[in-house]
Every structure is written in structure tokens, then in C-alpha cells.
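Trainee: Could you take me through one part of this model closely? Please start with the whole chain, then settle on a single region and stay with it for as long as you can.

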Amino acid sequence: MKNRKFSRRNFLHHSAVGVAAGTALGATSAFTALANPRLAAAQAVGVKPGDLPNLTIKEVKTYVTDMTGLHKLNSGETGEIISVVTEDGLEGNYTLGNRGRTEHWLDWAKPSLVGKNILDVLPTLTATSGMKATAGFDGGTPGAPGMGPRPGGPGGPGGPPPGPGMAPAGSGTGLFGSGLTTRGGGTWPNFYTAAADVCLWDILGKAVNLPIYKLLGGGARTKLMAYASSQHLPSIEDYVPDVTRAVQQNYKGYKIHPGGGQHKQGPPIPSYIGHMEEIREIRKAVGDEYVLMHDPVQRYNRFEALTVGRLLDELDYLWFEDPVRTTDTEGLIELCSKLDLAIHVGEFLTSIADFAEYIKRDALSVVRLIADNVGGISGSMRVGLLADAFGMECTPHNWGNMFDLAVHFQVELALPNAYWFEMPFPAEYADRPYQPYHFRPDADGYIPAPTEPGLGYPLDRNALDKMTLRIDR
């Protein structure tokens with residue numbers, strides 16, 4: 001296995017061919033765009049900032065669509081597509097419920113957005129919080145994504161009202177009961193502001209007729225390698241047929257999301273033992289050269305994670321993702337020190353302060369992120385550039401409908417240190433009737449970069465109209 005084509009050592013070099021020359025410029029452009037999107041947009045198209053279209057927000061609304069017959073990759077998806085419309089008629093869109101329920105978004109958006117210019121709102125809407133989230137080094141589970149404010153905390157029962165930019169009490173976001181105030185005016189996590197941030201970047205890209213990633217300094221790459229990210233399949237025997245289909249469909253890699261770790265027939269066994277059997281059988285099925293990953297989504301204890309991790313090392317898997325609870329930082333530090341393969345962590349972190357501390361303490365080797373959890377596109381870029389400053393790779397989490405994939409793809413194309421496109425498998429689970437484009441790897445296993453402006457994938461308005469049950473304003 002020493003000469004595997006995409007080994008951990010040569011993978012980044014292989015992926016970065018043609019990118020290195022633009023890395024420093026891209027990072028500088030990204031910082032400029034985050035701090036001053038007005039200047040970045042004007043410079044991108046060679047005009048004066050005052051010559052940009054009127055980007056004052058005129059209206060916010062929600063298309064409530066029928067989800068009957070559609071596969072939900074995220075249980076919170078409600079079929080609500082939010083809309084932000086400017087005075088010049090430009091519209092930005094995103095879906096709610098990708099990570100957690102975002103009820104009464106319009107109640108937040110009307111006073112927070114209408115009448116304001118998006119170029120004034122973008123720099124501070126999801127600004128760096130500086131706090132430590134309760135899912136990080138502070139420990140404890142209250143405040144995990146999807147949970148409401150803690151009693152006595154901001155927006156919670158018996159506590160002070162929500163601070164600027166926080167969601168209404170009982171909405172399941174806000175500061176998640178941390179009881180902490182923020183620096184810079186932003187709040188992480190906040191699904192309300194994160195969703196709005198995506199819409200505003202979508203509008204800005206459309207205003208200057210460019211995909212978002214080009215506004216953020218990207219453009220050196222025109223495609224990313226795709227890997228298939230499995231479902232949590234029912235039995236051990238289901239995985240080899242699944243990875244075989246992924247190989248046949250041109251995916252460059254396959255990530256195991258283990259299920260119960262049981263055989264279709266026979267007595268029960270410890271789940272991690274069953275997972276190790278899956279790991280062996282999958283490697284045997286695809287051969288030594290194929291890229292494989294393993295993501296148990298925090299389900300192991302330290303002993304199980306180390307045992308499984310040693311097998312992953314032996315079989316030359318590329319990475320081990322969320323092996324133990326993110327709150328078990330000492331366990332993550334131990335795994336990083338004892339295993340050779342990369343440890344990916346970050347999906348359950350919701351503050352840039354926590355990312356910095358995990359990096360500082362060697363509690364991860366590759367930074368993961370979910371855009372909804374870290375402030376939309378703006379927050380994702382801040383986390384990705386933080387990782388790049390420490391020479392680390394960043395792998396955004398693509399898992400959801402076409403909007404979710406589009407958002408993370410824009411971030412991946414803009415960052416100088418992102419190389420993979422995670423594709424939910426089967427791919428059709430991410431498809432939606434209102435989106436004519438379907439994410440699929442090409443014959444060489446790549447997802448091509450979008451060329452359309454904004455998020456890059458125009459909606460089929462006729463299909464959307466047919467699905468729309470009502471429009472809330």
C-alpha cells in the first residue's frame with residue numbers, strides 16, 4: 001500500500017496542481033471581501049463602488065413547498081425556501097431547517113433586514129463571536145445545535161432578552177444558553193443570521209454576474225474531486241454493494257457512515273466490532289488504491305476509537321472523522337497523537353474561538369465545518385482561513401439538499417485549503433424538483449464549478465410554483 005496513487009502524503013500535492021500560484025492572492029481577496037464586500041464587488045467587475053446596483057432590501061418572504069415524496073437528508077428540513085429581494089429586483093434564496101428548526105424566520109428578518117443595504121449588513125451579520133460555545137471546551141450538552149436557550153441565559157426563561165442579532169426566545173438558536181456575550185456583534189450559532197448571510201451573498205454575486213467563490217478570491221480551480229458519503233446502512237452486508245455502486249459511478253472515494261454494526265442474521269455483536277468488519281470488507285472489495293474514510297459521528301468511546309483507528313491506519317484509510325464526542329477533547333488529543341491518519345473534527349463546533357483552541361491543543365488534524373453552524377458563507381470563510389493560517393486542510397460538510405451543497409461548494413472553491421466535494425450517496429437524495437441541475441461526478445470523478453452568478457444554480461421557477469403551497473410575507 002505504500003505506493004497508493006492518492007496516499008495521505010501525496011494527495012494535497014496532487015490536488016493543488018495549478019492552485020499554489022493563486023493561493024496567497026486568493027486568501028487576501030477573501031479577507032477583503034469579508035471586511036468590505038462593497039469594495040470587493042466593485043473591484044471584481046472594474047467599477048466604482050457607487051456604480052453598483054441598488055442593493056437595499058425591499059422584501060423578505062418564504063416559499064412554503066410540498067416535500068411529499070422527497071428524501072430529507074436533514075430531519076429539520078421543512079420545505080421553506082426563504083427569499084430576500086432588493087429594490088432592483090435581485091433575489092437571494094436558501095432553505096431553512098438544514099441543521100435545526102428555524103421557526104418564525106420572517107419575524108426576525110423583517111426588522112433586521114428590510115430597508116437596509118446588503119453591503120452594510122454583510123460585514124457584521126455573522127461577525128466573529130469570540131465566545132466559546134457549549135459544544136466545545138466548555139463541555140456539557142445544553143446548547144447543542146437544535147436545543148433552545150438555557151433557563152436564565154439570554155432569551156431563555158427567567159433570563160435577559162436576546163441580544164442584537166439573536167433569534168427570538170424559544171426559537172432553538174440564539175446563543176444556545178451559553179450565558180456569554182459576544183465580541184464583534186455576531187452570534188454563533190444562529191440559524192437565522194446564517195441563512196440570511198447566504199441570501200445576501202447570493203444577491204451580491206448576481207449583482208455583479210459572478211459566482212460567489214470568485215468574489216471571495218477563488219477561481220484557480222474549476223472542479224473538485226467527489227467522494228460518496230454513505231447512509232447509515234442497516235447491516236454489515238449492505239456496505240460492499242454500496243461502495244461498488246459508488247466506484248461504478250466514478251466517485252474518487254467513499255466514506256463509511258456505519259450503522260448498527262450487525263449481520264443480517266446471527267447473534268448481536270458489539271457495534272464497533274461490526275464496523276471493523278465493514279472496514280476490512282470494503283478495503284478488500286475496492287483494492288489498495290481506492291480512497292476510503294470512516295465517520296462514526298461521535299459514537300465511539302476512547303478505547304473503541306483507538307482500536308478502530310489502528311485498523312484504519314493498517315488499511316490505509318485517508319481519515320477518521322468525529323471518532324468520539326467533540327466534548328472529549330482529551331480523547332481527541334490522544335487519538336491525534338497515536339494514529340497516523342488525519343482526525344477530522346469541527347461539525348459540532350459553533351464558535352471560532354473553539355476552533356482556535358482545538359487547533360492550538362492538537363485536538364484535530366483537519367478542520368470540518370457546517371455553514372449553518374458557523375455563520376453562513378462569511379463564517380465558513382473565517383474558519384477555513386483560520387485553518388489555512390495553521391497550514392491545515394479544511395473540509396466543509398456537504399450533507400443536504402441542493403442549496404446545502406451549493407453553499408458549501410462555493411466555500412470550498414474559494415478556500416485555498418479545501419480539496420474534496422462530499423456527495424451524499426445515493427446522489428438523488430439531494431435532488432429537488434425546483435433545481436434542474438443535479439450534482440453528479442463527471443467521467444473523471446469531479447464536480448465542475450458553477451459558472452452562473454450567485455450560488456450558481458438558478459431555480460426552475462415553473463417547478464417551484466407547482467410545489468409552492470403558499471408564500472408567507
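Mentor: Of the 473 residues in the chain, 59% are buried. Buried means under 20% relative accessible area, exposed means over 50%, and partly exposed lies in between, with a 1.4 Å probe and protein chains only. The model is predicted: local features need pLDDT of at least 70, side-chain atom pairs count only at pLDDT 80 or more, and totals for chains, interfaces and linings use all residues. Residues are numbered from 1 along each chain as its sequence is written, and side-chain values use heavy atoms, with hydrogens and water left out.

The chain exposes about 17,900 Å², and carbon and sulfur atoms supply 52% of that area. Accessible areas come from the Shrake-Rupley method with a 1.4 Å probe; for residues, only the protein chains shown count as cover. There are 15 helices and 13 strands in the chain. These are DSSP runs numbered from the N terminus: helices are H or I with at least four residues, strands are E with at least two. Take contacts between residues at least 6 apart in sequence: 73% of them join residues at least 24 apart. A contact means heavy atoms within 4.5 Å.

Now the region: one sheet and its surroundings. The sheet is open, has four strands in the order β3-β2-β1-β13, and its pairing is antiparallel. Each of the two edge strands, β3 (91-95) and β13 (468-472), has a single partner, so one side of each lacks a neighbour in the sheet. Neighbouring strands are turned by 20° against each other on average, direction ignored. Strands of a sheet pair through backbone hydrogen bonds, either parallel or antiparallel. Here, two strands pair if DSSP finds at least two bridges between them.

Go through the pairs. β1 (residues 57-65) and β2 (residues 80-86) pair in the antiparallel sense over seven bridges. Glu59 has Val85 in β2 as its bridge partner. Helix α4 (residues 105-113) packs on the sheet and touches β1, β2 and β13. Its direction makes about 170° with that of β1. Axes are lines fitted to C-alpha atoms, for helices over the stretch in contact, and angles run from 0 to 180 degrees between N-to-C directions.

Next comes β2 with β3. They pair in the antiparallel sense over five bridges. Ser83 stands opposite Asn93 of β3. The two strands form a hairpin with four residues between them. In that turn, Gly89 has a positive phi of about 85°.

What covers β3? Begin with the count: five of its five residues are buried. Glu91, Asn93 and Thr95 point one way, while Gly92 and Tyr94 point the other way. Two of these residues, Asn93 and Tyr94, are touched by Val198, which also touches Gly376, Ile377, Val407 and Leu455, leaving aside residues up to four places away in sequence. Val198 sits in helix α6 (residues 191-207). Val198 is itself buried, with a relative accessible area of 1%. Its C-alpha atom is separated by 9.0 Å from that of Gly375, 177 residues apart along the chain.

Tyr94 also leads to Asp372. Asp372 touches Tyr94, Asn98, Arg99, Asn190, Phe191, Ala194 and Asp404, again without residues up to four places away in sequence. It lies in the loop between β9 (366-369) and α13 (376-389). Its relative accessibility is 6%, so Asp372 counts as buried. Its side chain makes a polar contact with the side chain of Arg99, at 3.5 Å. A polar contact is a pair of N or O atoms within 3.5 Å; within protein, one must be able to donate a hydrogen and the other to accept it, and residues adjacent in sequence count only if both atoms are side-chain atoms.

The loop before β9 has a backbone detail too. Asp362 is in the loop between α12 (352-360) and β9. Its phi is near 55°, a positive value in a residue other than glycine.

Last, the cysteines. Cys199 counts as buried because its relative accessibility is 0%. Cys394 is buried at 1%. A search of the whole structure finds zero disulfides, with a disulfide taken as a pair of cysteine sulfur atoms within 2.5 Å.
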